[in-house]
Amino acid sequence: MSAAAVEHPCDGEPEPLLDTANSLMEQHPGYRVEIIGGVITVAPSPDGPHARVLTKVMRPFIAAGIDDGETEVLQGIGLWLPSGPADYAIPDLAVVDADFDEHMVENNCYDPAVFRLVLEVTSSNYNNDLRNKVAAYAEAKVPVYVIIDRKHGRLHVLTEPMGGGYDSHQVYAPGQSAPLPDSIGAPVALDVDDLIRAGRARA
């Protein structure tokens with residue numbers, strides 16, 4: 001998904017960022033609107049290969065039993081960020097504690113403490129996933145951040161959040177298996193080749 005920052009006009013008192021973000025969502029159904037570092041980004045609906053990757057990546061989580069019991073696997077759930085008074089992100093996929101409903105903060109977004117893993121599948125806005133969201137998710141202390149980088153054909157597993165980044169950053173190429181920490185709820189390994197191939201348009 002390509003993303004564009006939204007600037008506010010300088011005349012008069014600017015409306016609250018959350019109001020602006022919600023207005024944009026109403027005006028552009030299906031678009032993803034997020035506020036990261038006090039900047040609103042708007043991304044159009046993902047393409048088919050992006051959706052295909054999400055379907056495939058959910059399978060090993062579900063097979064491991066992570067979608068039952070103490071955790072759930074969800075797409076498009078809002079994560080309230082501590083980086084600004086109105087900051088929030090909507091990761092493509094997340095593993096959350098099963099009681100997440102009890103931890104809504106604001107604007108249909110949930111406390112980062114209930115997130116065990118967030119996952120992004122890159123599109124044309126890959127720099128946002130590889131840079132801005134790394135800092136945002138680390139500051140929120142999300143334990144595991146997975147990036148399926150379709151542009152460069154790699155899978156990133158970031159763990160051990162520290163301040164504005166992650167202390168551990170493992171990169172996996174097609175042909176490798178990417179193991180995830182058991183802290184997400186059960187042992188899971190992702191087939192990098194399968195996911196990268198799923199993210200390419202078919203001839």
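Let's start with a pair of histidines: in this predicted model, the side chains of His156 and His169 make a polar contact at 2.7 Å. His156 sits in strand 12, and with a relative accessible area of 5% it counts as buried, because the cut-off for that label is under 20%. Looking beyond four places away in sequence, you'll find His156 touching Leu130, Tyr145, Val146, Ile147, Asp149, His169, Gln170 and Val171.

Now step along to Leu155. Its contacts, again leaving out residues up to four places away in sequence, include Val146, Ile147, Ile148, Tyr172, Ala178, Leu190, Val192 and Leu195. Leu155 is also a hub of the largest nonpolar core, a set of 28 residues in which Phe61, Leu155 and Leu190 have the most contacts. Who supplies that core? Two or more residues each come from helix 2, strand 7 (93-97), strand 10 (115-121), strand 11 (144-149), strand 12 (154-162), strand 14 (177-180), strand 15 (188-191) and helix 4 (192-198). Helix 2 gives the largest share, five residues. Apart from this core lies another one, with 23 residues, among them Leu74, Phe100, Tyr110 and Val118. As a general matter, nonpolar side chains tend to be buried together in soluble globular proteins.

Helix 2 spans residues 48-63, and Ala63 belongs to it. So is Ala63 buried or exposed? Its relative accessible area is 70%, which makes Ala63 exposed, because that label applies over 50%. Along the chain, Ala63 and Val188 are 125 residues apart, yet their C-alpha atoms are separated by 9.0 Å.

Conventions. Residues are numbered from 1 along each chain as its sequence is written. This is a predicted model: local features need pLDDT of at least 70, side-chain atom pairs count only at pLDDT 80 or more; totals for chains, interfaces and linings use all residues. Side-chain values use heavy atoms; hydrogens and water are left out. Helices (H or I, at least four residues) and strands (E, at least two) are DSSP runs, numbered from the N terminus. Buried means under 20% relative accessible area, exposed over 50%, partly exposed in between (1.4 Å probe, protein chains only). A nonpolar core is a set of buried Ala, Val, Leu, Ile, Met, Phe, Trp, Tyr and Cys residues joined through side-chain atoms within 4.5 Å. Contact means heavy atoms within 4.5 Å. A polar contact is a pair of N or O atoms within 3.5 Å; within protein, one must be able to donate a hydrogen and the other to accept it, and residues adjacent in sequence count only if both atoms are side-chain atoms.
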